[in-house]
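Visitor: I would like to look closely at how the pieces of this model pack against one another, beginning with a pair of helices and then moving to the sheets. Could you take me through it slowly, in one connected account?

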Amino acid sequence: MKIIFLILKREYLVRVKKKSFLIMTLVTPLLVSCIWLIPIFFAMRDIDQKKIEVIDETGKFASTFKNTKELVFQPVKTPVEQAKKDFGKSGYDVLVHIPGNILQNPKSLKIYAEKNVSLEVKNGIEKAIEQEIENIRLLDAGIDRKVLESTKVDVSSDTYSLSDEGEKDSSSGAATGIGYLCAFIIYIAIFIYGVQVMRGVMEEKTNRIVEVIISSVKPFQLMAGKITGVALVGLTQFLLWILLTFGISSVMSNVLGMESLGPQKRVEQMAQQPGVAQAPAIDKPKTEQKSSPVTAIFKAVSTLNIPLIIGCFLIYFIGGYLIYSALFAAVGSAVDSDTDVQQFMFPITIPLVLSFIMAQFIIREPDGAVAFWMSMIPFTSPIIMMVRIPFGVPAWEIVLSVTLLIGGFLGTAWLAARIYRVGILMYGKKPSYKELVKWVFYKT
Amino acid sequence: MNILETRHIVKQYAQHRALDDVSIDIPRGQIFGLLGPNGAGKTSLIRIINQITGPDEGEVFFDGKPLGPEHISRIGYLPEERGLYKKMKVGEQLLYLAQLKGLSERQAMEKLKAWFIKFDIKTWWTKNVEDLSKGMQQKIQFVATVLHEPDLIILDEPFSGFDPINANLIKDEILELREKGSTIIFSTHRMESVEELCDHIALIHRSKKVLDGPKKAIKEQFKTHTYHVEYQGVLNDLNPAYTVLDKKTLEDGYLRANIRIPRDAAVNELVRNLIDHVSVRAFGENIPSMNDIFIKAVGEVPTT
């Protein structure tokens, strides 16, 4: 164990000290922060206050416009021509002219501004006036708006899953999102760090240092130390990514002048943004005032079994990485050069890529036969099972799948170690698959 | 007592028997030359001694006990194909390799300091290995091999890649290690260094051991009982028991002849006989060089 620890330590430190590690670790959170902060920034920049003077020649729209943080309305009595002339000095950003004949001729509404009026403001004002005109016309026809509202129906459904624990609010949207996210992270991590293991093995082989090392340690110890070392590098990187993304986001949001909010709040704010901009200053009808979609997602997510998902994620993340990195190590040991890698990489990546492709079908039918079998086979289960778990999977299936995963890892590690111990000392021509099989049965 | 003994080692690869019933004894405190043509099985034997692979048949004893994991830290190995981690600092790398051999970090540090002073390479400590020349890397690897003061040091072609000055430096180190009581297995093709350094040799050819023993005894065994003489005069009426193999005229007018005498004949008689006939300037025995022995031994083995 002490030897494995020594190897692990070297593998870890060498990688963590690399410039490329540092750059990747810093740049990725920076990019991620930018990708989701910049849209918010631009969304918020539009919110600077606009002063709007309203010339209402009908006198009927006084209560139509309500002041908000972004828009301040000021009814004025000056004649239009005068107001237009003084507009430059008046300090108003927008001039709205509601002519006396608006009820007969709704197209006569005029909006003036020095710069172009943003579409949201224009739409908002138009909509408000439209509604008011409608109201007035309805009233003239003897229909109360409230009566009209009450005749409107809004059909939307919430999905419920019927499980043993009874009826539970579940949102298949949230389950899909979480499942796909977990599967994607596992898929990417296996590729990034599995290939790092392979490169490490190849480096030792082509450097010829491997012969010195295995005169001191057993090949299996070297392989195990390398795989665990790289695993820790991966965990470190993910952890740093999470912390840095969080840190950079809050720093950036301060710099950009946003309120320093938690990311969740910010998401909510972003999600609400279009709604606010679309209908400024309008008394929203009650039916529209449903909870925002983000709140709905949070509500839906909170109904999922989060501890189970996190627990399973860790198990499948580690299990999947271990299985594949053992295979990658075997490939690295069998080849001498980068050009030979492709041939052996291909069969290994097939189940990985296949399960990632299948994930999108399985997400639509998480309880089908294909889904079941693919979540049992250890080479596909890390991705497929993670897709299924947010939808609810019977406990026995998870237990069986994890057992098979552990068994699969032991089998793969055994196989990989047998190929590895022979491969690292073989130079020259590229081995055939037949030879690889022979290596497995070599006695040492 | 022998530090290492192998008994009837057999190593079989798929189609090829790399070692066939190889038994050798390596005496403590000597430089043991492991010789043989390319592909004879030397590397296979070295790997078995290093426990990189195991024999299919036969046993290996280290210090009288069956070879096991506890012996790893008592063996140092410099493979023919050298290699270090290119992107690692020299100091870190040596500390790492020493710890794999069971030294603590502190012990390794102390010993390394001594070697860095001895080889005057203190400035290399923080350099990346890839920034060193090939010869410098070889030096580093030599230090890595002997740092943990192993009882048995296995050097596979240790002089390849060294310029004459550094080769001499390494040679002196090898001799010094023997003085301190280490045993050295020295695998090489270069017979002049065998001649110079080895106390004992074993020759492996086509997976079999064909020769084994102290260098002196082997030379004795390969003696041809021929003598050379440089003379003036006519060398005709010698004792008929003596065979004159060849004669040639030297640049200064003297002649040189090689003469074989019967196995049991006394050399004094030959000398006396020669003096009677010619005037002798020089006389000596033709001692076989290691090169001669190597060619003879390898050539003599029947092909299978």
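Guide: An axis here is a line fitted to C-alpha atoms, taken for a helix over the stretch in contact, and an angle is read between N-to-C directions on a scale from 0 to 180 degrees. The model is a predicted one. With that convention, helix α15 (residues 395-423) of chain A and helix α16 (residues 433-441) of chain A have axes that come within 8 Å and cross at roughly 100 degrees. Because of that crossing angle, α15(A) counts as roughly perpendicular to α16(A). On the side of α15(A), the contact is made by L415(A), R418(A), I419(A), V422(A) and G423(A), while α16(A) contributes L436(A), W439(A) and V440(A). Sorted by class, this contact of α15(A) with α16(A) has 6 nonpolar, 1 polar and 1 charged residues.

From chain A one can pass to chain B through their shared contact, in which 21 residues of chain B meet 17 residues of chain A. Helix α2 (residues 90-100) of chain B gives the most to the side of chain B that touches chain A, supplying 4 residues. By class, that side of chain B has 11 nonpolar, 5 polar and 5 charged residues.

Chain B itself is divided into domain 1 (2-220) and domain 2 (224-286), and the centres of these two domains, taken over C-alpha atoms, are 44 Å apart. An unreviewed UniProt entry carries the annotation "domain: ABC transporter" for residues 4-231 of chain B; in the model this span is 33% helix and 29% strand, with its end C-alpha atoms 50 Å apart.

One sheet of chain B is an open one of 6 strands, in the order β6-β7-β8-β3-β9-β10, with mixed pairing. Its edge strands are β6 (75-78) and β10 (208-214) of chain B, each of which pairs on one side only, and the twist averages 15 degrees from one strand to the next. At the β6 edge, β6(B) pairs with strand β7 (residues 152-156) of chain B in the parallel sense over 4 bridges, and Y77(B) has I154(B) in β7(B) as its bridge partner. Helix α4 (residues 134-146) of chain B lies across β6 and β7 of chain B and runs at about 160 degrees to β6(B). Helix α5 (residues 164-179) of chain B also packs on the sheet, where it touches β3 (31-35), β7 and β8 (183-187) of chain B, its direction making about 145 degrees with that of β8(B).

Another open sheet of chain B has 4 strands in the order β12-β13-β11-β14, with antiparallel pairing. Here the edge strands, each pairing on one side only, are β12 and β14 (279-285) of chain B, and the average twist is 20 degrees from one strand to the next. Helix α8 (residues 267-277) of chain B packs on this sheet, touching β11, β13 and β14 of chain B, and its direction makes about 160 degrees with that of β14(B).

Strand β13 (residues 255-260) of chain B is joined to strand β11 (residues 226-232) of chain B by 6 bridges, with T226(B) opposite R260(B). Another 6 bridges join β13(B) to strand β12 (residues 243-249) of chain B, again running antiparallel; V244(B) stands opposite I259(B), and T249(B) has L255(B) as its bridge partner. The strands β12(B) and β13(B) form a hairpin with 5 residues between them, and in the turn G253(B) has a positive phi of about 95 degrees.

Note on methods:
Residues are numbered from 1 along each chain as its sequence is written. Chains are lettered from A and ligands numbered from 1 in the order in which they are written. This is a predicted model: local features need pLDDT of at least 70, side-chain atom pairs count only at pLDDT 80 or more; totals for chains, interfaces and linings use all residues. UniProt positions are given in the numbering used here, feature names are shortened, and annotations may be inferred rather than shown by experiment. Helices (H or I, at least four residues) and strands (E, at least two) are DSSP runs, numbered from the N terminus. Domain bounds come from an automatic or database domain assignment. Two strands pair if DSSP finds at least two bridges between them. Two residues are in contact if their C-beta atoms, placed from the backbone, lie within 7 Å. Ala, Val, Leu, Ile, Met, Phe, Trp, Tyr, Cys and Pro count as nonpolar, Asp, Glu, Lys and Arg as charged, and the others, Gly among them, as polar. Angles under 35 degrees count as roughly parallel, over 145 as roughly antiparallel, 65 to 115 as roughly perpendicular and the rest as oblique.
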